[in-house]
Amino acid sequence: MSVRTLPLLFLNLGGEMLYILDQRLRAQSIPTEKAQKDEWTDVDRKRVMNDIITTMFNKKFMEELFKPQELYSKKALRTVYDRLAHASIMRLNQASMDKLYDLMTMAFKYQVLLCPRPKDILLVTFNHLDAIKDFIRDAPGILNQVDETFRQLIETYSCLSAGEFQLIRQTLLIFFQDMHIRVSIFLKDKVQNSNGRFVLPISGPVPWGTEVPGLIRMFNRNGDEVKRTEFTTEGNYVTPQREGSFDLYGDRVLKLGTNMYSVTRPVETHTPGSSRASAAHAKENIVPNPLAKEELNFLARLLGGLEVKKPGGSETGFRLNLFMTDEEEEHAAQTRPEELSYKVINIEATQEPGCRAELSRILGELEVAEPRPESAGKGEDLLALMDAL
């Protein structure tokens with residue numbers, strides 16, 4: 001597995017999360033002058049987006065994220081997004097958080113599958129960051145945070161070879177390989193089958209630097225072309241006019257990773273197969289993991305930089321529903337297999353006595369197995385970290 005995959009996975013999933021939240025907040029917002037005390041306004045929407053983006057691009061958080069490291073489990077990564085989604089006055093219940101994460105993962109999985117060449121995953125990331133910058137164009141301080149992450153991406157990934165990008169792509173596909181959640185947008189556009197698997201196109205632009213298929217060249221031992229054979233293809237391929245820009249500013253050309261929710265339309269998710277089958281698969285994913293202590297160390301470092309915004313004074317948190325009605329949300333919460341649901345874990349990175357107990361509770365939830373001999377000492381790092389909090 002590639003040790004350079006985690007930043008790309010986190011930033012792209014985070015970008016999809018922001019797209020979804022922005023769309024739902026806009027749909028539920030009403031004019032400020034007409035709003036009641038417990039109703040969303042556009043001011044609230046901007047505040048939520050600014051708070052989440054500020055937290056997401058926290059300098060310490062990014063420094064930990066960009067350190068070379070292997071991907072962690074789906075459950076560990078999901079915990080980070082639970083924390084991130086609640087970094088403002090917005091509150092999501094379990095069913096809405098499940099749906100949000102399903103939409104995020106399936107959207108990015110589709111983008112990875114459709115990338116013409118492995119290096120284009122970086123262009124997909126840049127598209128997400130370009131859109132995020134548009135969300136906070138009126139907040140120069142937050143904009144600087146995002147630009148700094150942009151520069152880190154360029155510095156880290158611009159020198160990687162095609163083979164290293166291929167390894168990153170394979171690492172992402174392994175992470176997503178068991179996720180087959182049906183999404184209404186993909187089903188309606190006929191890019192996803194009823195079993196949750198994506199339909200890959202056989203037409204369109206070929207990867208930059210390659211030729212349209214249809215010609216076979218044969219060479220002799222001296223490297224001279226001696227014969228040509230043409231063949232017909234079922235697809236309608238075209239050569240791209242130019243390569244997308246890998247600079248801080250520029251035309252990315254590739255449209256993957258742009259906001260597909262810019263046109264309002266309902267988005268539903270459906271878990272394929274029976275609840276029993278889904279639950280059985282979920283149990284496979286929570287088998288005790290020898291790397292669980294390392295994962296917890298990683299989570300503790302990352303979550304230490306994520307401060308949950310608590311409503312001040314008489315202000316109450318606003319609840320966001322990702323379903324069309326409250327009844328749909330309640331039904332989803334009741335019918336979803338218990339093994340597929342997650343709890344929102346709030347850890348305060350302060351000197352409070354409860355912090356250590358909270359981390360210990362997560363340690364229990366991760367079903368930590370005994371560390372392997374080569375992992376000796378990792379537990380001591382965790383205890384030292386707990387004592388420092």
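Cys115 has a relative accessibility of 7% and therefore counts as buried, whereas Cys159, at 60% relative accessibility, counts as exposed. Both values come from a predicted model, and a search of the whole structure finds zero disulfides in it. For a disulfide to be counted, two cysteine sulfur atoms would have to lie within 2.5 Å of each other.

From these two cysteines one can step back to the chain as a whole. The protein chain has 389 residues, of which 46% are buried, and its secondary structure consists of 14 helices and eight strands. Among the contacts in the chain with a separation of 6 or more, 78% are accounted for by residues 24 or more positions apart. The accessible surface of the protein chain comes to about 19,700 Å², and carbon and sulfur atoms make up 51% of that area.

The interior can be entered through the largest nonpolar core, which has 77 residues. In soluble globular proteins, nonpolar side chains tend to be buried together. Within this core, the residues that touch the most other members are Leu9, Phe10, Leu11, Met17, Tyr81, Tyr157 and Phe186. Helix H1, which spans residues 6-28, gives the most to this core, contributing 12 residues. Tyr81 offers a view of how such a residue is surrounded: when residues up to four places away in sequence are not counted, Tyr81 touches Leu9, Phe10, Leu13, Gly14 and Met17, and also Met97, Tyr101 and Met104.

Nonpolar side chains are also found at the surface, where Ile216, Met218, Val226 and Phe231 make a nonpolar patch of about 340 Å². One of these, Phe231, lies in the loop between strand S5 (225-230) and strand S6 (237-238). With a relative accessible area of 39%, Phe231 is classed as partly exposed, because this value falls between the 20% limit for buried residues and the 50% limit for exposed ones.

A further loop, the one between helix H9 (184-188) and strand S3 (204-205), holds Arg197. This arginine is likewise partly exposed, since its relative accessible area is 46%. Once its neighbours within four places in sequence are left aside, Arg197 is in contact with His180, Val191 and Gln192. Gln177 is 20 residues away from Arg197 in sequence, and the C-alpha atoms of Arg197 and Gln177 are 9.9 Å apart in space.

Notes
Residues are numbered from 1 along each chain as its sequence is written. This is a predicted model: local features need pLDDT of at least 70, side-chain atom pairs count only at pLDDT 80 or more; totals for chains, interfaces and linings use all residues. Side-chain values use heavy atoms; hydrogens and water are left out. Buried means under 20% relative accessible area, exposed over 50%, partly exposed in between (1.4 Å probe, protein chains only). Helices (H or I, at least four residues) and strands (E, at least two) are DSSP runs, numbered from the N terminus. Contact means heavy atoms within 4.5 Å. Patches are made of residues with over 30% relative accessible area and no salt bridge: like charges are joined within 9 Å, nonpolar side chains (Val, Leu, Ile, Met, Phe, Trp, Tyr) within 5 Å. Accessible areas come from the Shrake-Rupley method with a 1.4 Å probe; for residues, only the protein chains shown count as cover. A salt bridge is a side-chain nitrogen of Lys or Arg within 4 Å of a carboxyl oxygen of Asp or Glu. A nonpolar core is a set of buried Ala, Val, Leu, Ile, Met, Phe, Trp, Tyr and Cys residues joined through side-chain atoms within 4.5 Å.
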